[in-house]
Amino acid sequence: MKKNISLDIYGLVQGVGFRPYLHKKAREFNICGRVRNTSDGLSARLEGEEKDLEAFINGLKAFPPRLAYITKTEYSYNDVLEGFTDFEILESLKKHGGYTFAGADTAPCEECMRELYDPSDRRYRYAFINCTNCGPRYSIIRSLPYDRANTAMDGFKMCGSCQSEFNDIEDRRYHAQPDCCGKCGPEVFFLDKNGSKISGDPFIFSGKLISSGGILAVKGTGGIHLACDATNDKAVKRLRELKNRPARPLAVMARDIKAAGEICDISKQEAELLESPARPIVLLALKNSRFPELSFSRRLGVMLPYTPMHYLLFDAVKYTDILVMTSANKKGCPVLTDNDEALEVLDGIADGYLFHNRDIENRIDDSVAAVRADDRNVTGGIYFFRRSRGYAPLPLSVSDDVSNILAFGAEQKGSFTIGKGRFAFSSPHIGDLKNMETFEHYDKTLKKYMRLFDAEPKYLACDMHPDYFSTRAAVKMSKKHALQLMYVQHHWAHMASCMADNGLTGPVFGIIWDGTGLGGDGSIWGCEFLKGDYSSYKRAGSIRPIALPGGDSAVININRTAFSLLYDCRLDNKAEKYIPSISETEKSAISAMISGGINCPKASSAGRLFDGIYSLLTQTGSISYDGEAAQKLEALSENDRPEFDRLLNAPVYPLSFYTEDNVRKFDIRPIVESIAAELDRGVNICDIAEKFMLTLCRMAFEQTLALNTERLPVVLSGGVFFNMYILSGVSALLENAGYKVYTHRRVSPCDEGVSLGQLVIAACAKDKIAKGEKNVSCTSDENNKG
């Protein structure tokens with residue numbers, strides 16, 4: 001018997017070929033009707049035999065298009081037949097208050113790659129080949145619904161051949177919005193170092209430039225890169241000098257998985273991640289020290305080509321299969337996206353430009369990830385260092401309703417998260433908001449997200465640090481629109497972020513180690529042991545605070561932190577020996593600052609402890625970016641991950657604890673005294689570095705045994721857990737003792753993930769407010785209430 005149904009599908013159903021897929025499936029089951037994109041997702045009215053309609057719906061749930069992600073399917077039978085005789089894709093409908101998912105940019109699919117290299121195909125060697133299964137998405141979107149008119153492809157009118165494909169239900173490009181070819185689509189061109197356009201094959205010019213040791217600016221999906229031959233030390237050194245990037249590791253792009261395997265060890269899971277549609281930068285173990293100019297670490301960030309342009313560039317490059325591919329930007333500023341601006345900023349840096357004339361609507365950096373593995377070679381899951389291209393703006397599912405909440409994140413690795421239903425829409429990587437250009441990027445991206453997902457927040461959440469630019473933005477919006485603002489303690493947000501990442505509701509025991517964050521008692525925290533859930537937390541443990549002479553300047557001038565560690569142990573008289581970069585005049589001035597408490601805040605920070613110890617070991621005076629010392633200390637160790645037997649039995653530095661204000665604190669002075677003694681005896685600094693990290697692992701274990709007697713699940717968060725030795729060591733010790741340990745899986749453990757934690761904490765507070773509770777707080781821990 002014939003029936004008429006209304007069908008609504010929610011989730012990632014736009015930009016993935018869902019309407020064409022429905023059309024094909026409808027024809028397979030003899031179903032007629034209409035389908036259209038809406039601001040909610042996808043809506044259809046269909047008619048057919050009841051058994052065919054049921055089979056049709058079951059089929060689309062079980063086997064959706066490759067890039068689709070269905071969150072909900074709703075359908076209902078209607079009493080009246082409309083007499084449909086065909087199937088039609090209607091014009092999209094914009095609804096106020098609705099929202100759908102926007103797709104992430106993906107690498108070219110196998111079918112498009114075959115066509116790219118098929119001389120008989122009309123898109124042979126065309127740099128913008130794509131279809132419904134691959135290609136640009138978020139980077140070109142202006143607004144939703146996802147139609148060509150709402151993208152950067154709006155200015156490129158399809159030729160007759162492309163239009164014919166677009167209208168052909170049997171074609172892979174049926175209703176593919178970015179569909180184009182060499183006749184009607186964007187074009188690639190080459191500019192010399194003066195910005196003059198050179199006629200001829202742009203890839204040949206680009207290949208010759210790189211092969212001769214030059215630096216090439218390459219416009220990609222979400223931004224512009226600077227590229228050079230990674231095997232040419234002279235070219236890499238020149239790039240570092242011109243870009244003023246003396247130490248930070250450089251990512252590379254390998255021609256293919258075979259080329260990547262020539263320089264790095266690659267597991268099956270790492271290969272799958274490298275070749276996935278998202279194509280993130282994957283941190284891999286180097287086979288040897290062949291590339292000291294690229295990375296001081298034994299790991300190297302490697303990605304594979306993720307646009308047809310990259311493949312065509314490699315075709316033209318001689319002598320190498322590995323290219324440096326690093327963001328083109330002013331120091332501390334967002335990656336460049338505009339051709340004209342890039343010509344101005346990169347003048348004197350780039351020797352040539354491989355550009356195109358398709359606008360980048362939404363700036364988006366490369367994602368960075370690793371595949372976790374413990375000491376027994378049991379492969380873990382993906383671990384994000386940066387969640388961006390290929391993943392954003394796809395949302396994260398959460399356990400609670402987070403509707404009408406906007407979380408502003410932290411500052412150094414700024415992010416924001418918008419709540420819609422049980423989904424959290426987190427921004428792509430943005431960067432340090434202290435820089436005005438980066439904050440403008442943050443503000444622009446936030447406004448774009450709010451438009452895309454039709455967000456109308458009623459509650460705002462931010463960090464409790466009053467000087468963060470993100471906090472100031474939240475205060476400004478709160479006042480302008482009379483919205484309730486909730487201040488969330490930084491490390492509690494870290495803990496909540498890992499909880500939400502793993503679908504936990506609490507209570508949990510959080511080990512939160514990072515650089516710095518304003519604590520619930522007004523001091524600076526950064527090596528915390530917390531107990532709690534989304535509604536409240538208690539600070540149970542920490543470390544002895546470290547004086548930071550000069551405040552924020554000590555983050556870069558790490559010899560000041562090293563001196564502070566010695567001063568606290570009454571070893572400052574040996575500063576000349578251990579810290580020769582500090583003069584007698586500076587020593588006197590810093591001593592006065594510490595003793596008088598003048599511009600010398602104290603921080604219970606794991607990150608600053610790493611800084612000071614690294615300075616003592618290597619006599620380094622200053623670093624070029626926050627986190628450099630911690631990364632280099634990790635690299636000193638001969639082992640990437642601790643052997644389990646060493647974790648349990650190897651000697652460590654003294655573990656001493658004391659209680660102050662109901663907080664069990666680890667005394668770092670015995671560590672410093674022991675390290676000073678070992679330096680005096682000439683112990684290898686690589687051995688000291690590993691012993692130091694091993695000591696921190698055992699300290700975390702001892703604190704957990706003492707403070708988590710309820711055996712609550714343990715969550716690990718904070719930027720220090722980028723350190724794979726610490727992450728693996730702490731996890732292994734606790735799991736061996738029977739604790740359930742959770743680490744991040746879908747968001748980064750650093751401040752980039754803080755906005756997700758703020759969101760779920762604010763959702764809990766929102767529910768309390770709705771129930772009429774008074775004095776709802778998101779700032780103070782249980783030790784400081786009242």
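**Buried loops and salt bridges**

Tutor: Let's start with a polar contact: the backbone oxygen of Asn-639 sits 3.0 Å from a polar atom in the side chain of Ser-637. The term covers N or O atoms within 3.5 Å, one able to donate a hydrogen and the other to accept it, with sequence-adjacent residues counting only if both atoms are side-chain atoms. The model is predicted, so local features need pLDDT of at least 70 and side-chain atom pairs 80 or more, while totals for chains, interfaces and linings use all residues. Numbering runs from 1 along each chain as its sequence is written, and side-chain values use heavy atoms, without hydrogens or water.

Student: Is Ser-637 buried or exposed?

Tutor: Ser-637 lies in the loop between α19 (628–636) and α20 (644–649); helices here are DSSP runs of H or I, at least four residues. Its relative accessible area is 0%. The cut-offs are under 20% for buried, over 50% for exposed and partly exposed in between, with a 1.4 Å probe and protein chains only. That makes Ser-637 buried.

Student: Beyond four places in sequence, which residues are in contact with Ser-637?

Tutor: Contact means heavy atoms within 4.5 Å. With its neighbours within four places left aside, Ser-637 is in contact with Arg-298, Cys-686, Glu-690, Met-693 and Tyr-725.

Student: Glu-690 is on that list. Which residue meets its side chain in a salt bridge?

Tutor: Glu-690 is buried itself, at 6% relative accessible area, whereas its partner is partly exposed at 29%. A salt bridge needs a side-chain nitrogen of Lys or Arg within 4 Å of a carboxyl oxygen of Asp or Glu. Here the N to O distance is 3.6 Å, and the partner is Arg-646.

Student: How many residues apart in sequence are the parts that this pair ties together?

Tutor: Glu-690 and Arg-646 meet in that salt bridge. Glu-690 belongs to helix α22 (residues 685–707) and Arg-646 to helix α20, so the parts they tie together are separated in sequence by 44 residues.

Student: How many salt bridges does the structure hold?

Tutor: One of them joins Glu-660 and Lys-665, with the closest N and O atoms 2.8 Å apart. In that one, Glu-660 is partly exposed at 36%, while Lys-665 is buried at 7%. For the whole structure, the number of salt bridges is 41.

Student: What about Glu-165: which residue does its side chain meet in a salt bridge?

Tutor: Glu-165 is buried at 11% relative accessibility, and the partner is partly exposed at 39%. The N to O distance is 3.1 Å, and the partner is Arg-122. Glu-165 is in helix α4 (residues 160–167) and its partner is in the loop between α3 and α4, so parts 43 residues apart in sequence are held together by Glu-165 and Arg-122.

Student: Which residues are linked with those two in a network of salt bridges?

Tutor: Glu-165 and Arg-122 meet side chain to side chain. The network that includes them also links Glu-115, Arg-123, Arg-172, Arg-173 and Asp-179.

Student: Last one: how far apart in space are Gly-103 and Tyr-146?

Tutor: Gly-103 is in the loop between β5 (87–89) and α3 (110–116), and is buried at 7%. Beyond four places in sequence, its contacts include Leu-12, Gln-14, Arg-137, Tyr-138, Pro-393 and Leu-394. Gly-103 and Tyr-146 are 43 residues apart in sequence, and their C-alpha to C-alpha distance is 9.1 Å.

Note on methods: Helices (H or I, at least four residues) and strands (E, at least two) are DSSP runs, numbered from the N terminus.
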